Amino acid sequence: MIFKNTQNRFGLIAIVLHWIMALLMIGLTALGLCMVRMPISVQKLQFYGWHKEFGILVLMLVIVRLTWRLRNMNPSLDAIPAWEELAARSVHWAFYFFMFAMPITGWLITSAADLPVSFFGLFTLPNLVAANEANRVFYSEIHAWVGYAFIAVFCMHTAAALKHHFINSDAILRRMLWP
């Protein structure tokens, strides 16, 4: 079993981190879209708690993932046109932006609302900013628009992966499935 990336494919660690982060980001986006439309209830507050806890998990994991990426080679994209390689690299860096921006803006929202951010009851994070309703609304707008941008880029990324697999019949998608 290959743990590190090679010239031709991703290793097990990169693959596991990719799919864990993908599932977390998709799940958090779906939960976020659902919970903001719910009336105030115990269930809505529970969803907000989960959203914050898993959001902080994303923030922690993206640090691990970015460190792993910077310390390992990336598989070559020689088999695709230069514009597709530029698009692929740009989308991947956009995902790193989303994986940092979404949890941080969520943390800012909670801080501006003067609410605690607990990490699964293990510890509570400090507030990043002082309580301020205008700032809470501002950070909420940023959080929402970054979320919408994530959805758009995610759809493009998925479409490109499926295009490479089903139309181009190349190994671009397969090399992220299993080492």
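This short presentation concerns the aromatic rings of the structure shown above. Please keep in mind that the model is a predicted one.

Let me begin with the overall count. A search of the whole structure returns 12 aromatic pairs. One of them is formed by F47 and W50, whose ring centres are 5.6 Å apart and whose planes meet at 40°, a tilted arrangement. Where do F47 and W50 lie? Both belong to helix 2, which covers residues 42-71, and three residues, about one turn of the helix, separate them. As for accessibility, F47 has a relative value of 14% and is therefore classed as buried, the limit being under 20%. W50, by contrast, is partly exposed, at 37% relative accessible area.

I turn now to a second pair, F119 and F123. These two rings are stacked, with 5.3 Å from centre to centre and 25° between the planes. Is each partner buried or partly exposed? F119 counts as buried because its relative accessibility is 10%, and buried means under 20%. F123 has a relative accessible area of 35% and is partly exposed.

Beyond these two pairs, I would draw your attention to a cluster. Which residues do ring pairs link there? They are F95, F97, F98, F150 and F154.

Finally, there is a contact between a charge and a ring. The charged end of R69 is placed over the ring of W93, at 4.8 Å from the ring centre.

To review the two pairs, F47 and W50 are tilted, while F119 and F123 are stacked. Thank you for your attention.

Notes
Residues numbered from 1 in each chain as written. Predicted model: local features only at pLDDT ≥ 70, side-chain atom pairs only at ≥ 80, totals over all residues. Heavy atoms only, no water. Phe/Tyr/Trp six-rings, centres within 6.5 Å; stacked < 30°, edge-to-face > 60°. Helix = DSSP H or I, 4+ residues; strand = E, 2+ residues; numbered from the N terminus. Buried < 20%, exposed > 50% of the residue type's maximum accessible area, 1.4 Å probe, protein only. Lys NZ or Arg CZ within 6 Å of the ring centre and 35° of its normal.
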